[in-house]
Amino acid sequence: MAGNRTFTMIKPDAVANGHIGNILSDIIAGGFKIVAMKYTHLNAETAGAFYAVHKERPFYGDLVEFMTSGPIVAAILEKDNAVEDFRTLIGATNPQEAAEGTIRAKYAKSIDANAVHGSDSDENAAIEGNFFFSQFERH
Ligand code: ATP
Ligand code: MG
C-alpha cells in the first residue's frame, strides 16, 4: 500500500527568488498537510550526506555546492499516496520538461536550480524525513 508521507525541500533558488509562500500555497492546495517544517542553511557535510545516493553521478559536486548556496525549507508532508502525488505536483526534474502548472514549471529555471526536492519512494521519504527531523509527532 502506498504510504502517506513524503519529504520535500524548497531549494536555495526558490527561497532566494521569494517563492516560499507561493510554493507552500501550491502544496497545501494540492491536498498536502505540513506535519514538520524547518528553515535552515545546509553545510557541505550535511548536503553531501543527504545526497550520498548520488555520489557517483557527474553532477554530485555541483549539486552539493548549489544546495549549500543559500537557505532552504525542509518539510514532511502528509497525504494519501504522498510520494507519487507530490512528484506529480512538482513536475519533471528538468523544468523545461515539467508539465504546465507544476511547481517546477512555475518556479524553476534549470535542471540544477529546480526549486524543490521530492522523495522518490516511501522508503526514501522515511529516511529523508528522519535525516532532518528527529521526531515530528505532537508533543
Ligand atoms: P529531487 O531528488 O531533487 O527531487 P529528482 O528526483 O527529480 O529531484 P534526481 O535524479 O534525484 O532528480 O536528482 C537530484 C537532483 O540533482 C535534481 O533535483 C537536480 O537538482 C540535480 N540533477 C539531476 N540531474 C542533473 C543533471 N543532469 N545535471 C545537473 N543537476 C542534476
Ligand atoms: Mg531524487
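Ala, Val, Leu, Ile, Met, Phe, Trp, Tyr, Cys and Pro count here as nonpolar, Asp, Glu, Lys and Arg as charged, and the others, Gly among them, as polar. With that in hand, the tour can start; the model on screen is predicted.

**The largest pocket.** Select Y51, H54, F59, L63 and H117, which lie nearest the centre of the largest pocket among the 24 residues that line it. The space inside comes to about 660 Å³. Now colour the whole lining by residue class: 10 residues are nonpolar, six are polar and eight are charged.

**Where the lining comes from.** Next, show the secondary structure and pick out α3 (44-50), α4 (60-67), β4 (116-118) and α7 (122-132), each of which supplies at least two lining residues. Stop at α7, since the largest share of the lining, four residues, comes from there.

**The ligand.** Which molecule sits in the largest pocket? Select ligand 1 to see the occupant. Around ligand 1 there are 14 residues, and K11, T93, N114, H117 and G118 come nearest. Coloured by the classes used before, this shell shows four nonpolar, five polar and five charged residues.

**Contacts to inspect.** Zoom in on the oxygen atoms of ligand 1 and go through three distances.

- G118: a polar backbone atom is 2.8 Å from an oxygen atom of ligand 1.
- H117: here a polar side-chain atom lies 3.0 Å from an oxygen atom of the ligand.
- D112: a backbone N or O atom lies 3.3 Å from an oxygen atom of ligand 1.

Finally, turn on the protein surface around the ligand. Ligand 1 taken alone exposes 570 Å², and the protein buries 81% of that.

Note on methods. Residues numbered from 1 in each chain as written. Chains lettered and ligands numbered in written order. Predicted model: local features only at pLDDT ≥ 70, side-chain atom pairs only at ≥ 80, totals over all residues. Heavy atoms only, no water. 1 Å grid on protein atoms, 1.4 Å probe; cavity = no way out; pocket = protein on both sides within 12 Å on 5 of 7 lines; lining within 4 Å. Points joined across faces, edges and corners; volume = space filled by probe spheres on them. Near = heavy atom within 4 Å. Polar contact = N/O pair within 3.5 Å; in protein donor to acceptor, adjacent residues only side chain to side chain. Areas by Shrake-Rupley, 256 points an atom, 1.4 Å probe, with all protein chains shown as cover. Sits in = over half its atoms within 2 Å of the grid points.
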